[in-house]
Amino acid sequence: MINSVRILRNEINTPTVNSLYFHWDVRVEPGQFVMTWVPGLSEIPMSLSLTGKEKCLTVKKYGDTSNALSNVKPGERIFFRGPYGKPFSKVRGKTLLVGGGSGMASLRPLIDQDASGVVAARSSDELLFKGLFPIDKIIVATDDGSEGIKGNIVDALREIELEKYEMIYVCGPERMIKSVVDFVAGRNINMELSLERNMKCGVGICDSCSIDGFQLCTDGPTFGLSTVLTMKEFGRTKLAESGKRIWFQ
Amino acid sequence: MSISDISTSIGNINLSNPFILASGILDENGYTMKRILSEGASAAVTKSIGMEERNGYKPPIVAIDDPIFINAVGLPNPGILNVGEEIKTARESGKPVIGSIFGKDENEFIELAGKMEEYGVSAVELNLSCPHVKGFGSEIGGDPNLVRKIVKGVKGAISKPVWSKLSPNVTNLLDIANAASDSDALVLINTVRGMKIDIYSKKPVLSNKVGGLSGSSIKPVGIRSVYEVKSNMDIPVIGVGGIESGFDAVEYIMAGATAVQIGTAVWKYGRAVFSKVTNELLEFMGSEGYGKIEEFRGIALK
């Protein structure tokens, strides 16, 4: 079924990211997503960036569909189906939220008094939701050094004692997640990762988003570190839109 | 009480149970097919493969309003030359992999079937019935003369069994089934042409507008199709359409099906649907005192 709701406000977060706020009276857990449809264009998977009474979709502009979505005005409708996917596990105790690029969008619902953040982006103006963390609970990294540590997300993680967190939640492009997984492999830490792949159906049948026989849309998008470590395709190879196998550079 | 034997065979292909993964569902990536085969499917049919790489349609490729399920994926495929590795990976399961192919004429079908045979498939399934791509599928599958030529041509060109998947979107199914009678088995049915309009955006949901209806909505059409063909022809039939439980499969088998394929039910139950339907079939056979599937195959035809 397709839900259609009118948005309450459209907030600009960075030059390429907007957040659409709306009411939708359905239970959604952090880490879950909806398939958002722009009639006449296409349909794209999007994590909910707020999961309470007020919901939010955070849009990164990268094509026709996301551009159109980021231009929706208060009072206008958006269309989506879901929620889909396996949410992040809930834990008690200290958590670390690690978001690269627009990855912090799906981690935002996990921000609470026990959470610290690592936010990485290419440059200062692309750092997403860093202001939602207290100043002493956030580490920032930028590729160009315009803010925080000059370097990538792993350079930021080097500064942190990861073992002290009850759970580390990670979201970002697969290449970035691969670098995080390689960095922590063999260490005794609890980590869940939200993966990204081309997605078409969202309901576990089309095989577009599969990785090692798991469907990202139904078995994921969140996976435990131990499962990700068994995946032969992770960070190495995936299928293009046609189903042709391609390799990460 | 002894456990019933649920194995079956289609020609020389032996299956540990009658439940085959249908073409188009979770069968693009070799690792996915391998996982499904290890989790209970007795064989897998690949996504339909053509001569050239194709991206398929833009999303939305599905329109869902439970139990209604309509898809127009648009035959995305990597092209026949790029699919060998996926089939090789799937075959590591040790179970039969069936190569589904689509073409625009007899010559393309023959070339595709030859390649599939090289890749080691156990049979080739001719997609003569995709309901939503112009120039392919049911546009071909609705023409008995073309169907006859394609089936004869492929049969003459390869030594592996040839299955023909037919469309219910025709005036007379028996005409097409007869035209395909050189096949080693008929696969009945593909999806039924359908559409969904969203009343708030006032637009068709599928990017292709028209798609194929599948799932429980079409089970009665599938049962009727299998029954009609088995009442008139002596050819193995594989039943497809709306099978979500072992009991649904029993219905198809009683209509004469040798085996069945499952697709849309993966949406409702995930990959675990294969162990679910297997347990339900065993439960039915146990409670009704059947030791083998042959004991009730086609029993409703008598």
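A strand, here, is a DSSP run of at least two residues, and strands are numbered from the N terminus. Keep that in mind, since we start with one. A:Arg245 is found in strand S18 of chain A. One caution before we go on: this is a predicted model.

Let's follow that arginine. Is A:Arg245 buried or exposed? It is buried, because its relative accessible area is 14%, and the cut-off for buried is under 20%.

Now its neighbours. Leaving out residues up to four places away in sequence, A:Arg245 touches A:Glu233, A:Thr237, A:Lys238 and A:Leu239 in chain A, and B:Asn29, B:Gly30, B:Tyr31 and B:Glu86 in chain B.

Which residue forms a salt bridge with A:Arg245? That is B:Glu86, with the closest N and O atoms 2.7 Å apart. Two polar contacts come next. The side chain of A:Arg245 meets the side chain of A:Glu233 at 2.7 Å. It also meets the side chain of B:Asn29, at 2.9 Å.

Now over to the partner, B:Glu86. Helix H2 of chain B covers residues 84-91, and B:Glu86 is one of its buried residues. The others are B:Gly84, B:Ile87, B:Thr89 and B:Ala90. What do these buried residues pack against? In chain A, strands S17 (237-239) and S18 (245-247). In chain B, H1, strand S7 (97-101) and helix H3 (106-118).

Let's step back to the whole interface. The contact takes 36 residues from chain B and 35 residues from chain A. How much area is buried between the two chains? About 3200 Å², and carbon and sulfur atoms give 54% of that. Three residues stand out on chain B's side. B:Glu28, B:Tyr31 and B:Pro59 supply 18% of the area that chain B buries against chain A, more than any other three residues. You have met B:Tyr31 already: A:Arg245 touches it.

How many salt bridges cross this interface? The rule finds three. For polar contacts, the count between the chains is 20 residue pairs, both residues at pLDDT 80 or more.

Which elements of chain B take part? Helix H1 (30-38), strand S5 (62-65), strand S13 (203-204) and helix H9 (265-269) each supply at least two residues to the side that touches chain A. H1 of chain B gives the largest share, four residues. By class, that side of chain B has 16 nonpolar, eight polar and 12 charged residues.

So what should you look at on the screen? Start at A:Arg245, and find its salt bridge to B:Glu86.

Key:
Residues numbered from 1 in each chain as written. Chains lettered and ligands numbered in written order. Predicted model: local features only at pLDDT ≥ 70, side-chain atom pairs only at ≥ 80, totals over all residues. Heavy atoms only, no water. Contact = heavy atoms within 4.5 Å. Buried area = accessible area lost by both parts, 1.4 Å probe. Salt bridge = Lys/Arg side-chain N within 4 Å of Asp/Glu carboxyl O. Polar contact = N/O pair within 3.5 Å; in protein donor to acceptor, adjacent residues only side chain to side chain. Nonpolar A, V, L, I, M, F, W, Y, C, P; charged D, E, K, R; others polar. Buried < 20%, exposed > 50% of the residue type's maximum accessible area, 1.4 Å probe, protein only.
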